[in-house]
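Subject: Structure for you to look at

Hello,

I am passing on a structure that you have not worked with before. Please have a look at it first; my notes follow below.

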Amino acid sequence: MESALLYMVLLRYLSGSIELLIATLMWRSNDLEKALMLNSMLALVGPTILIVTTGIGISGLSEKISFLKMLCLFSGIVLIIIGMKMK
């Protein structure tokens, strides 16, 4: 297994574990305000993991894809994040 792939998988497992942990904390707190605060913290985790895992994947493929394709991929990520922030 390539090291880039291993790091991407581990980051996704970490992200999923954080999501499950926060869901459990929300359930146990039984308080809507605390649940909303915990959910807000997850808004930072998702995009961060997306950017980091994509960066690792692209760096692992850097010898196989052109600079223009890398630029297009990163532009797509930026557009996804902008789209999430728009109302």
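Among contacts in the chain between residues at least 6 apart in sequence, what percentage join residues at least 24 apart? The figure is 59%. Please keep in mind while reading that this is a predicted model, and that the values below are computed from it.

Overall layout

The chain has three helices and zero strands. Read from the N terminus, the order of elements is α-α-α. The radius of gyration is 16 Å, well over the 12 Å that the globule rule gives for 87 residues, so the chain is more spread out than a compact globule. Measured out along the principal axes, the C-alpha trace spans about 50 × 35 × 10 Å.

Of the 87 residues in the chain, 21% are buried. The chain exposes about 6800 Å², and 71% of that area is supplied by carbon and sulfur atoms. As for charge, there are 7 positive and 5 negative side chains; the centres of these two sets lie 4 Å apart.

Helix α1 and helix α2

Several of the residues I looked at belong to these two helices. Serine 15 is part of helix α1. Its relative accessibility is 8%, so serine 15 counts as buried. Setting aside neighbours within four places in sequence, serine 15 is in contact with Val45 and Ile49.

Leucine 42 belongs to helix α2. Is leucine 42 buried or exposed? With 13% relative accessibility, leucine 42 counts as buried, because the cut-off for buried is under 20%. Not counting residues up to four places away in sequence, leucine 42 touches Ile18, Glu19 and Ile22. For one of these, isoleucine 18, there is also a C-alpha separation: 8.3 Å from leucine 42, with the two positions 24 residues apart along the chain.

Threonine 53 is also in helix α2, which covers residues 32-60. Threonine 53 counts as buried, at 4% relative accessibility. What does the side chain of threonine 53 reach? It reaches the backbone oxygen of leucine 50, at 3.2 Å. Apart from neighbours within four places in sequence, the contacts of threonine 53 are Met8, Leu11 and Arg12.

The loop between α1 and α2

Asparagine 30 sits in the loop that separates α1 (3-29) from α2. At 72% relative accessibility, asparagine 30 counts as exposed. The backbone at this residue deserves a look: phi of asparagine 30 is near 55°, a positive value in a residue other than glycine. Most residues other than glycine have a negative phi.

Helix α3

Valine 78 is found in helix α3, residues 67-85. How does valine 78 count in terms of exposure? Valine 78 counts as partly exposed, with a relative accessibility of 46%. The C-alpha atoms of valine 78 and isoleucine 51 are separated by 8.8 Å, and these two residues are 27 apart along the chain.

Where to begin

When you open the model, you could begin with the three helices and then turn to the loop residue asparagine 30. After that, the buried residues threonine 53, leucine 42 and serine 15 can be viewed together with their contacts.

Regards

How values were computed:
Residues are numbered from 1 along each chain as its sequence is written. This is a predicted model: local features need pLDDT of at least 70, side-chain atom pairs count only at pLDDT 80 or more; totals for chains, interfaces and linings use all residues. Side-chain values use heavy atoms; hydrogens and water are left out. Helices (H or I, at least four residues) and strands (E, at least two) are DSSP runs, numbered from the N terminus. The radius of gyration is taken over C-alpha atoms; the globule rule is 2.2 Å times the number of residues to the power 0.38. Buried means under 20% relative accessible area, exposed over 50%, partly exposed in between (1.4 Å probe, protein chains only). Contact means heavy atoms within 4.5 Å. Accessible areas come from the Shrake-Rupley method with a 1.4 Å probe; for residues, only the protein chains shown count as cover. Lys and Arg count as positive and Asp and Glu as negative; His and the chain ends are not counted. The place of a charge is taken as NZ of Lys, CZ of Arg, CG of Asp or CD of Glu. A polar contact is a pair of N or O atoms within 3.5 Å; within protein, one must be able to donate a hydrogen and the other to accept it, and residues adjacent in sequence count only if both atoms are side-chain atoms.
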